[in-house]
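Student: I should like to go through the terms applied to a structure and learn on what grounds each one is used.

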Amino acid sequence: MALSLNALTNGLGAGILGLSPFWVSLFAALGSFVAVWWGIKLGVRVAAVRIGKWSLGQFSVFLSGAILILIGLKNLF
């Protein structure tokens, strides 16, 4: 839902500026591809980090939830 609303507002802004829908779509797709690709590469490296006998990847669900809670608390206060 959030991504759809983001795309809608980006399209509205591009339309107001008179930008070509083709170029806006192309650069949005390329930007998304690069961000996901870098995120996967970084995630694979971070998941392999060892802390004693445990790997960081074993705590990925907990860490992602904790990060989201911290972001929410930061925005709240």
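The dialogue that follows sets values against definitions.

Tutor: This is a predicted model, in which local features need pLDDT of at least 70 and side-chain atom pairs count only at pLDDT 80 or more, while totals for chains, interfaces and linings use all residues. Residues are numbered from 1 along each chain as its sequence is written, and side-chain values use heavy atoms, with hydrogens and water left out.

Student: Why is the pair of Trp-54 and Phe-59 called tilted?

Tutor: Rings of Phe, Tyr and Trp (its six-membered ring) pair if their centres lie within 6.5 Å; planes under 30 degrees apart count as stacked, over 60 as edge-to-face and the rest as tilted. A search of the whole structure finds three aromatic pairs. For Trp-54 and Phe-59 the centres are 6.0 Å apart and the planes make 55 degrees, so the pair is tilted. Elsewhere, ring pairs join Phe-22, Trp-23 and Phe-27 in a cluster.

Student: What makes Ser-55 buried, and what makes Trp-54 partly exposed?

Tutor: Buried means under 20% relative accessible area, exposed over 50%, and partly exposed in between (1.4 Å probe, protein chains only). Ser-55 has 14% and is therefore buried. Trp-54, at 44%, is partly exposed, and Phe-59, at 38%, is partly exposed as well.

Student: Where is Ser-55 found, and which residues does Ser-55 touch?

Tutor: Ser-55 belongs to strand S2 (residues 54–55); strands (E, at least two residues) and helices (H or I, at least four) are DSSP runs, numbered from the N terminus. Not counting residues up to four places away in sequence, Ser-55 touches Ala-47, Val-49 and Arg-50, contact meaning heavy atoms within 4.5 Å.

Student: What makes the group that includes Trp-54 and Phe-59 a nonpolar patch?

Tutor: Patches are made of residues with over 30% relative accessible area and no salt bridge (a side-chain nitrogen of Lys or Arg within 4 Å of a carboxyl oxygen of Asp or Glu). Like charges are joined within 9 Å, and nonpolar side chains (Val, Leu, Ile, Met, Phe, Trp, Tyr) within 5 Å. Trp-54, Phe-59, Phe-62, Leu-63, Ile-67, Leu-68 and Ile-71 form such a patch on the surface, with about 730 Å² of accessible area together; accessible areas come from the Shrake-Rupley method with a 1.4 Å probe, and for residues only the protein chains shown count as cover. Helix H3 (residues 60–76) gives the most, with five residues.

Student: Why is Leu-68 called exposed?

Tutor: Leu-68, which lies in helix H3, has 61% relative accessibility and therefore counts as exposed.

Student: How do you know that the length of H1 agrees with what is expected?

Tutor: The expected span of a helix is 1.5 Å times one less than its number of residues. The 16 residues of H1 should span 22 Å, and the end C-alpha atoms are 23 Å apart, so the two agree. H1 is hardly covered, with one buried residue among its 16.

Student: Is Leu-19 buried, partly exposed or exposed?

Tutor: Leu-19, in the loop between helix H1 (2–17) and helix H2 (21–47), has 47% and is therefore partly exposed.
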